[in-house]
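Please open the structure in your viewer and keep the selection tool at hand. The tour below moves from one selection to the next and says what is found at each.

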Amino acid sequence: MFGAKIGKGVIIRPTAEITYPWKLTIGDHSWVGDHVTLYTLGEIHIGDNACVSQHSYLCTGSHDYTKPSFDIFAKTITIEPEAWLATNVFVGPGVTVGHGAVVGACSVVFQDIPPMMICSGNPAKVIRPRPVEIDAINPALLQSR
C-alpha cells in the first residue's frame, strides 16, 4: 500500500492512479473506479462508504498564477462518508464534498459541496437535496443537515 491508509472492504480498480500513496486515506467500504486519478500532492481523505466513479480526477495541487514563477501549492481534498462523485468529475484543491452529497457526471468542483445535496455543472452548483429513505438514514446524517 506504500503508506496509504486503506480501510476494510475498499475497492480500488487496477487502472486508478495514485501519485503519492502515503498522502491517501480511504475509509471502510469505499470505491475508487477505473481511470480515477488521485493527484496527492496534498492529502486526500475519502470517508466510509464513498464512491469516486470512473475517470474522475481529484487534484490537490495547482500553481499560483499571480506570481511570475507559478509557485506550486497543495491543499487537502476531503470526500466525506457516503458521498458519490459520478463519472468524470474534477475536484480542485482544498474542496470538501459533504457527507452524503452527490456530484453529477462531468461536474467541475472548486468550492465545497454541502452535505446531502445533489450538485452538478461547471462550476458545480446545488440542484436539490438528496432524497433518502427515513429508515435507512445514518444518525450522523441527521446532525449534518
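Start by selecting the cysteines: counting a disulfide as a pair of cysteine sulfur atoms within 2.5 Å, the total comes to 0 disulfides. Cys59 takes part in none, and the nearest cysteine sulfur, that of Cys106, is 17 Å away; Cys59 is also buried, at 9% relative accessibility, where buried means under 20% relative accessible area, calculated with a 1.4 Å probe on protein chains only. Move on to Cys106, whose sulfur lies 15 Å from the closest cysteine sulfur, in Cys51, which is too far for a bond.

This is a predicted model, in which local features need pLDDT of at least 70 and side-chain atom pairs count only at pLDDT 80 or more, while totals for chains, interfaces and linings use all residues. Residues are numbered from 1 along each chain as its sequence is written, and side-chain values use heavy atoms, with hydrogens and water left out.

Next select Leu85, which has contacts (heavy atoms within 4.5 Å) with residues including Cys51, Leu58, Ile79, Val97 and Val103, leaving aside residues up to four places away in sequence. Leu85 is also among the residues with the most contacts inside the largest nonpolar core, which has 27 residues; such a core is a set of buried Ala, Val, Leu, Ile, Met, Phe, Trp, Tyr and Cys residues joined through side-chain atoms within 4.5 Å. The elements giving two or more residues to this core are β4 (24–26), β7 (44–46) and β12 (77–79), strands being DSSP runs of E with at least two residues, numbered from the N terminus.

From Leu85, step to Val103, which stands opposite Cys119 in β18.

Terms used
Buried means under 20% relative accessible area, exposed over 50%, partly exposed in between (1.4 Å probe, protein chains only). Helices (H or I, at least four residues) and strands (E, at least two) are DSSP runs, numbered from the N terminus. Two strands pair if DSSP finds at least two bridges between them.
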